[in-house]
Amino acid sequence: MKTINIGMIGTGYVGLTSGACLAHIGHNVICVDNDEAKIKTLLRGEIPFYEPKLDQIVKENVQNGRLKFTTKISEAVKASTVLFIAVGTPPKETGEPDLSYVENVAKEIGEAMTDYKIIVEKSTVPVKTGEWVHETITRYNKRNIPFDVASNPEFLREGSAVGDFLEPDRVVVGVESEKAKQIMLDVYAPINGPVLVTDIKSAELIKHASNAFLSTKISFINAISIICELSGASVEKVAEGMGLDKRIGPSFLQAGVGYGGFCFPKDIMAFIRIAYELGYDYRLLKEVERINEEQKDRFVKKIEGLLWNLREKQIGVLGLAFKPNTDDMRFAPSIDIIAKLTAAGAKVKAYDPHSMDNAKKIITNIEYCNDPYEVVKDCDALAIITEWEEFKKLDLTKIKSLLKLPIVVDGRNIYDPKTMEQMGFIYRSIGR
Ligand code: UDX
């Protein structure tokens, strides 16, 4: 393989995972972050967030010298041929992404370049951002150094990001020159998986379109779950039957309390705005968002429907993170669900194996417990919001004895309705 010198600007969950994995497959990588404290943490071999396997990969590659960290973009620019922009693109009030961090990085790269570079969009950016990156670098490229811009969107899922990088379904590379194409193919040569080479705009759009489709699939099955509840059908059986059609496939058909995380909600909001700015009203995606909000409302109404009134009731909540195997609370369904419960006068006790430190910064008016059994003690109902493996193995007899009322409302269908009824629980779930 050809060893490429790479700069990764931004060491968030995408930048750090991508940088560490690129070093892991044999390249020389310098990760840059303007947060001095974060760089110090990383240099100690610690990861500032929970992502399985990532700490191991970072440690190994710091030790073998292929992975370095700095706070200076200019240092990475001088040492690298390929520069990935992996900084945040958080939503603005209007829902559109804030691209000012991307612009600042493009400017600093333009100012520091002394020989040919490829500047690669790794962050999720609206289609046509590549034109602005090119324009910005040109404006600050005083030495008139030749460069190319490329797009290389990430498809990493939290909790499996390292595996998703090293064994991807596909690598997407958007380029506009043969030279950039060849170098990007060299970067990904050690990765086994199809590499799709497109123009930059198509590569940028593949990312938003993929997340929009995945969210649509989730809201689709969540809408089906409502029809199943109203008709007495089982959404699990319906999803199983649908999924056997190769054109549909079984994945992303798990009905639940809705999708969260920092990608789907943010990317859907952004994509609706991007389409609107381009002149298209993306009504289908607005409905995907609405269904997702409705799922959380319906979940709270299910709890209320079993307790008559929520005021003064004590509700146990198991699971806060937006999905299992992550500590990420961003746009987690638990935030809105708990807000609705407490707004109705209920008291909430909660536990999550990994995300409580993050949750405490966002959800402040609830009691945090050290284990699931402490949560359920003296509660009028138990609500399951995140399907952590350990919740599937709880001693349900003990749970029932600790609850004031044997009421369980399961937002991720982790228990079997028949078993729960036989054990004497009043049990509700999603679409069953
Ligand atoms: C997602 C995309 O999968 C990934 O390709 C992209 O790069 C980033 O966004 P992520 O948000 O980390 O990844 O998690 P994912 O596993 O996709 O789940 C997102 C949300 O959808 C979670 O809240 C999950 O609970 C929910 N979900 C997922 C469902 O409700 N039902 C499903 O069937 C699948």
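## Exercises on strand E10, the ligand shell and two loop residues

Strand E10 and strand E11 (residues 367–368) pair in the parallel sense over two bridges; two strands count as paired if DSSP finds at least two bridges between them. Helices (H or I, at least four residues) and strands (E, at least two) are DSSP runs, numbered from the N terminus. The model is a predicted one, in which local features need pLDDT of at least 70 and side-chain atom pairs count only at pLDDT 80 or more, while totals for chains, interfaces and linings use all residues. Residues are numbered from 1 along each chain as its sequence is written, and side-chain values use heavy atoms, with hydrogens and water left out.

### Exercise 1

Determine how E10 is placed among its neighbouring strands.

Solution.

1. Begin with E11: Ala350 of the pairing stands opposite Tyr368 in E11. Between E10 and E11 the chain passes through helix H14 (residues 356–362), and this β-α-β crossover is right-handed. The term right-handed means that, with the strands pointing away from the viewer, the path from the first strand over the helix to the second runs clockwise.
2. Turn to strand E9 (residues 314–318), which pairs with E10 in the parallel sense over five bridges. Val348 in E10 is the bridge partner of Ile315, and Lys347 in E10 is that of Gln314.
3. Follow the chain from E9 to E10: the connection runs through helix H13 (residues 333–343), and this β-α-β crossover is right-handed.
4. Place these strands in the sheet, which is open, has six strands in the order E11-E10-E9-E12-E13-E14, and shows parallel pairing. E11 and strand E14 (426–428) each have a single partner strand and stand at the edges, so one side of each lacks a neighbour in the sheet.
5. Check the cover of E10 (residues 347–351): four of its five residues are buried. Buried means under 20% relative accessible area, exposed over 50%, and partly exposed in between (1.4 Å probe, protein chains only).

### Exercise 2

Describe the surroundings of the ligand.

Solution.

1. Identify the shell: 19 residues surround the ligand, and the closest are Glu158, Lys207, Gln254, Phe322 and Lys323. A residue is included if one of its heavy atoms lies within 4 Å of the ligand.
2. Sort the shell by class: nine residues are nonpolar, four polar and six charged. Helix H9 (residues 200–231) gives the most to this shell, with three residues.
3. List contacts to oxygen atoms of the ligand. A backbone N or O atom of Phe322 lies 2.9 Å from such an atom, and one of Leu253 lies 3.4 Å from such an atom. For Glu154, a polar side-chain atom lies 3.3 Å from an oxygen atom of the ligand.
4. Assess the cover: the ligand taken alone exposes 650 Å², of which the protein buries 94%. Accessible areas come from the Shrake-Rupley method with a 1.4 Å probe.

### Exercise 3

Locate Asn144 and Trp308, and state the phi and exposure of each.

Solution.

1. Asn144 lies in the loop between helix H6 (129–140) and strand E6 (147–151). Its phi is near 55°, a positive value in a residue other than glycine. Asn144 counts as exposed because its relative accessibility is 65%.
2. Trp308 lies in the loop between helix H12 (283–307) and E9. The phi of Trp308 is near 70°, also positive in a residue other than glycine. With a relative accessible area of 73%, Trp308 is exposed.

Technical notes:
Polar contact = N/O pair within 3.5 Å; in protein donor to acceptor, adjacent residues only side chain to side chain. Nonpolar A, V, L, I, M, F, W, Y, C, P; charged D, E, K, R; others polar.
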